[in-house]
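User: Could you take a close look at how the helices pack in one chain of this model? I'd like the pairs spelled out residue by residue.

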Amino acid sequence: MSTIARRALPPLALGAVVILLWQVLVVALDINAYVLPSPAAILTQVTSYAPILIGAAIVTGTNALIGLVVGTVLGIVLALVAVSSRVFDELTGPLVAALAVIPIVALAPVLYTMYGADVQLARQVVAGVSVFVPVFINTLRGLRQTTPVHRDLMRAYAAGRWQMMRTLTLPTARPFIFTGVRIASSLSVIAALVAEYFGGPRGGLGTFITSSVSQSDYARAWSYVVASILLGLIFYVVALGIEVFALRHQRT
Amino acid sequence: MSSGRKNAAPTTGAAVSVGRLDKVFDTKGGTVHALQGIDVEVAAGEFVSLIGPSGCGKSTLLRIIADLEQPTGGTVTVFGKDARRARLDQDYGIAFQQSGLLGWRTIAANIELPLELHGVGARDRHARSAELLDLVGLTEFADRFPDQLSGGMQQRVAIARSLAERPNLLLMDEPFGALDEMTRERMQTELVRICAETGAAVVFVTHSIPEAAFLSDRVVVMSPRPGRIQRVVDVDVDLGPAHERTDALREDRRFFGAVTAIREALHAGSASAGTPDGAQRITGPTGPDDRHDRLTEPA
Ligand SMILES: Nc1ncnc2c1ncn2[C@@H]1O[C@H](COP(=O)(O)OP(=O)(O)O)[C@@H](O)[C@H]1O
Ligand SMILES: [Mg+2]
């Protein structure tokens, strides 16, 4: 517990100093709100519009969560298929590499026309694809980490394919899978949020950021940004917490 | 396969029988003749060490007996069966230089792994792991995880695991190779006791001359390129049966005699092969066993 505190304290202190400096600078230099609103002004917006912010965060968060779960399941399952089938592996390898460099949120407008502009599905798909890539890549790598001595032992025990997978390959891959999910957790929020910038149904954090900006309500726009950051943090911290708990006996 | 079962092995006849064994590895850099014309027989309950310079094929021979590697020629039988059948029947227990414990399993669960894979029920598994933990003196560590144990303790767990199914044959590839000298001697003494208790035959790969002398009934001395049997030293003639030995033997003149005999067999091998390098690797100051070797070295 104390090590966590020792590691968390310096960045927290730095953040506090930055925010304080920001406030002092905005007031002292009399910076215009459309250039940079002060932290105090943003805080006022956050507190007075809290229910709306939370509602918007739930809309975006739900899309991100659905994308995270579906993308993770698909990523793990397809990595398992790839590791057991050479043909499938060679087929999917370049495809996933291509997916990794395509800006997936750019698909959002296309998906809106495919699924109809008033459902959240397009955003969930964007989040899901963004999640799939790091989970698939990390899981695939993890599934290849078994050591020769472990493989020899399993062969000496005459373990079957499924026993090998369950007792050795999957547990060995676990830290890699969790790394993928941790990376994917914040990606899912970013993807779901940015997908909202390209139109579609209103209600999420992304749509409110764009509409606040178009109404020149900058402090308001920043309050949605703060909510987005918090949402991303929550996803990340929860993913990290699950990872730390699940791997408490696996220091490799 | 039930946990209480003693593997059905004939009380007479060889534990391991290797005849005219050949092994050639095809690699990118060409072919490697790892083993040539190997003939070895290990009787039930007998302790046989394989010793020789690095690359002389000790591990390859052990792995072929374990059916982890396929020979390119010759025959291998384990308790009269072919090596594959013996592996599928779990006729041997195996341990390597690396303990190969699974870091996410407790010590007890690691020992129970082979039993679990072979469908032994939880109650029988726990009973057996408790027995084995007691045998290797690690009872209070049952619920710890491998990274909480020292290297020597981890190796004891690996040995306990290799005994889980009461095999009549143990295959060990430098199981003490990574341990410090003190721990190593303690483990050797412990292995002698375990062998006496279980009556298992052992094929034991080592780099260490004193280790081979202390543990073995017979020492098979190998020479490299291609891996061949140089000589077989019958240690038990002078030192008595391997499973009856105690620590006191380490300071006995007969023990030094056995060390010298193995040493000379090794040197003869490297001399005839014209590779003084090979001998250097065993007895040189860089080897892990130089302290022992100096006992017999003219000062
Ligand atoms: N899987 C393999 N592929 C190619 N060559 C191998 C392989 N395993 C062992 N060898 C070669 O066979 C020879 C004997 O190796 P090994 O049995 O490991 O020797 P030792 O255990 O006595 O040090 C060495 O020359 C080694 O390089
Ligand atoms: Mg070796």
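**Helix packing in chain A**

Analyst: Let's start with one pair: α8(A) and α10(A) run roughly antiparallel to each other. This is a predicted model, so read everything below with that in mind. The call on direction rests on the angle: the axes of α8 (residues 161-196) and α10 (residues 218-246) of chain A cross at roughly 165°, and anything over 145 degrees counts as roughly antiparallel. Those two axes come within 9 Å, and the crossing is right-handed.

Who does the touching? On the α8(A) side, the contact is made by Phe178(A), Thr179(A), Val181(A), Arg182(A), Ser185(A), Ser186(A), Ser188(A), Val189(A) and Leu193(A). Facing them from α10(A) are Ser228(A), Leu231(A), Gly232(A), Phe235(A), Tyr236(A), Ala239(A), Leu240(A), Ile242(A), Glu243(A) and Ala246(A). Sorted by class, that contact holds 11 nonpolar, six polar and two charged residues.

Now for another pair, α3 (residues 50-84) and α4 (residues 86-101) of chain A. Their axes come within 5 Å and cross at roughly 120°. That angle makes α3(A) oblique to α4(A). The α3(A) residues in the contact are Leu78(A), Val81(A), Ala82(A) and Ser84(A), while α4(A) brings in Arg86(A), Phe88(A), Asp89(A) and Thr92(A). The class split here is four nonpolar, two polar and two charged.

For the wider setting, chain A has 10 helices and zero strands, so to speak an α-α-α-α-α-α-α-α-α-α pattern when you read along the sequence. Its C-alpha atoms fill a box of roughly 75 × 50 × 30 Å along the principal axes.

One more spot you may want to have on screen is in chain B, around ligand 1. The residues surrounding ligand 1 are Phe25(B), Thr27(B), Val32(B), Ala34(B), Ser54(B), Gly55(B), Cys56(B), Gly57(B), Lys58(B), Ser59(B) and Thr60(B). Among them, Thr60(B) has a polar side-chain atom 2.5 Å from a ligand oxygen, and Ser59(B) places a polar side-chain atom 2.7 Å from an oxygen of ligand 1. Gly57(B) takes part through its backbone, with an N or O atom 3.1 Å from a ligand oxygen.

How values were computed:
Residues numbered from 1 in each chain as written. Chains lettered and ligands numbered in written order. Predicted model: local features only at pLDDT ≥ 70, side-chain atom pairs only at ≥ 80, totals over all residues. Heavy atoms only, no water. Axes fitted to C-alpha atoms, helices over the stretch in contact; angles between N-to-C directions. Helix = DSSP H or I, 4+ residues; strand = E, 2+ residues; numbered from the N terminus. Parallel < 35°, antiparallel > 145°, perpendicular 65-115°, else oblique. Left-handed = near helix turned anticlockwise from the far one by under 90°. Contact = heavy atoms within 4.5 Å. Nonpolar A, V, L, I, M, F, W, Y, C, P; charged D, E, K, R; others polar. Near = heavy atom within 4 Å. Polar contact = N/O pair within 3.5 Å; in protein donor to acceptor, adjacent residues only side chain to side chain.
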